[in-house]
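Work through the exercises below with the sequence and the model side by side, and try each task before reading its solution.

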Amino acid sequence: MKLSVPGRAAAAAVVAAVTLLTTGSIAGAAPAPEAAAAAPDLPVANVKAHLTQFQSIATANGGNRAHGRPGFKASLDYVKAKLDAVGFTTTVQQFTSGGLTGYNLIADWPGGDANQVIMAGSHLDGVTSGPGINDNGSGSAAVLEAALTVARTNYQPSKHLRFAWWGAEERGLVGSNYYVSNLSSANRDRISGYLNFDMIGSPNPGYFVYDDDPTIEQTFKDYFAGIGVATEIETEGDGRSDHAPFKSAGVPVGGLFTGASRTKTAAQVAKWGGTAGQSFDRCYHSSCDTTSNINDTALDRNGDALAYAVWELSS
């Protein structure tokens, strides 16, 4: 998550299809001809295996995965190779920021209605001071595992699925801004929803849901209600992550977050456990943001919520 930009279920085995219009409005669905596919469990061990790879990449490349540094490009190459191997159509988008070359990775799953695109994304870069495993290896690894699960289950949604890993978020949402600003108005209008995942494994976690598009918000809330986990509206990162350019362009957005430098209150501890008076992530933007800086339960719950939303909104 970028530091300096200001601003901002019951999980059923079978769910009814919903339609997210390109205008952002939601129509109550008529009965589908057949039941929508149930969202799979996202194996947390697989998500953690991707985090281990990001850690190894950082360790081998000066201790970070920052924009313009070799650790970032190696991270992108790792994600791209995984996606290419299972049948995604991948595109690497190049841009320049601060005199350094940056990259976005876009992955499209073949099929689905190209006029109704559901996107899930995360920023792949970190800061120069550490390996960036919670911020934002956690979101990047979960989005990757969701995409791989789409391929593994041969999921065929009615809407088109697109996944994205952004560059240079830490420099001011540069990569996602570049992507959105280079979309034609027609292609922008085809995006029915963008889901953002930035820091979803904080070691002293909260469970925060973006309150932007009401249907996307409710989809996440329904999942957490179904597993008995209370949520709060996300405010710490409002406008500070890669959903912001999409929202500004009129795309319905939503997402999840487990907290950064703000302090967890006693009331939040009563809901979620953890330690009052301590940051959600004491290693935010620091050298200690390693694979040891992850709460496995939070990572597991948020990964499953990610999959639930992708399946629910694209079916």
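Contact here means heavy atoms within 4.5 Å, and axes are lines fitted to C-alpha atoms, for helices over the stretch in contact, with angles running from 0 to 180 degrees between N-to-C directions. The model is predicted, and local features need pLDDT of at least 70, side-chain atom pairs count only at pLDDT 80 or more, while totals for chains, interfaces and linings use all residues. Residues are numbered from 1 along each chain as its sequence is written, and side-chain values use heavy atoms, with hydrogens and water left out.

**Exercise 1. The sheet and its helices**

Find the order of the strands in the open sheet, and the helices that lie on it.

*Solution.* Begin with the inventory: the protein chain has nine helices and ten strands, where helices (H or I, at least four residues) and strands (E, at least two) are DSSP runs, numbered from the N terminus. Two strands pair if DSSP finds at least two bridges between them.

Next, trace the sheet, which is open, has eight strands with mixed pairing, and follows the order β3-β4-β6-β5-β7-β10-β8-β9. Its edge strands are β3 and β9 (232-233), each of which pairs on one side only.

Then place the helices. Helix α6 (residues 214-226) packs on the sheet, touching β7 (191-197), β8 (208-209), β9 and β10 (253-257), and its direction makes about 35° with that of β10. Helix α4 (residues 174-181) lies across β3, β4, β5 (113-123) and β6 (159-166), and runs at about 110° to β3.

**Exercise 2. The hairpin of β3 and β4**

Determine how many bridges join β3 to β4, and which residues stand opposite each other.

*Solution.* Strand β3 (residues 89-97) and strand β4 (residues 100-109) run antiparallel and are joined by nine bridges. Within this pairing, V92 stands opposite L105 of β4, and S97 stands opposite L100 of β4. The hairpin has two residues between the strands, and G98 takes a positive phi near 60° there.

**Exercise 3. Strand β7 and its neighbours**

Is β7 enclosed or open to the surroundings, and in which sense does β7 pair with β5 and β10?

*Solution.* First check burial, for which buried means under 20% relative accessible area, exposed over 50%, and partly exposed in between (1.4 Å probe, protein chains only). Seven of the seven residues of β7 are buried, so the strand is largely enclosed by the rest of the structure. S192, which is found in β7, is buried with a relative accessible area of 0%.

Now turn to the pairing. β5 and β7 pair in the parallel sense over five bridges, with I118 standing opposite G193 in β7. β7 and β10 also pair in the parallel sense, over four bridges, and the bridge partner of Y194 in β10 is V253. Finally, S192 and P252 are 60 residues apart in sequence but 6.6 Å apart in space, C-alpha to C-alpha.

**Exercise 4. Two packed helices**

Describe how α2 and α3 cross, and which residues make their contact.

*Solution.* Two packed helices are described by the angle between their axes and the distance between the axes. The axes of helix α2 (residues 70-85) and helix α3 (residues 133-152) come within 10 Å and cross at roughly 10°. That makes α2 roughly parallel to α3, since angles under 35 degrees count as roughly parallel, over 145 as roughly antiparallel, 65 to 115 as roughly perpendicular and the rest as oblique.

The contact is made by Y78, V79, K82 and L83 of α2 and by L144, A147 and L148 of α3. By class, the contact has six nonpolar, no polar and one charged residues, where Ala, Val, Leu, Ile, Met, Phe, Trp, Tyr, Cys and Pro count as nonpolar, Asp, Glu, Lys and Arg as charged, and the others, Gly among them, as polar.

**Exercise 5. Backbone details and the end of the chain**

Locate the cis peptide bond, the residues with a positive phi although they are not glycine, and the surroundings of S315.

*Solution.* The peptide bond from D135 to N136 is cis, with omega near 5°, and N136 lies in helix α3. N154, in the loop between α3 and β6, has a positive phi of about 50° although it is not a glycine. H285, in the loop between α8 (266-272) and α9, has a positive phi of about 60°, again without being a glycine, and H285 is buried with a relative accessible area of 19%.

S315 lies in the segment after α9 (296-314) and is buried, with a relative accessible area of 13%. S315 and Q156 are 159 residues apart in sequence and 8.1 Å apart in space, C-alpha to C-alpha.
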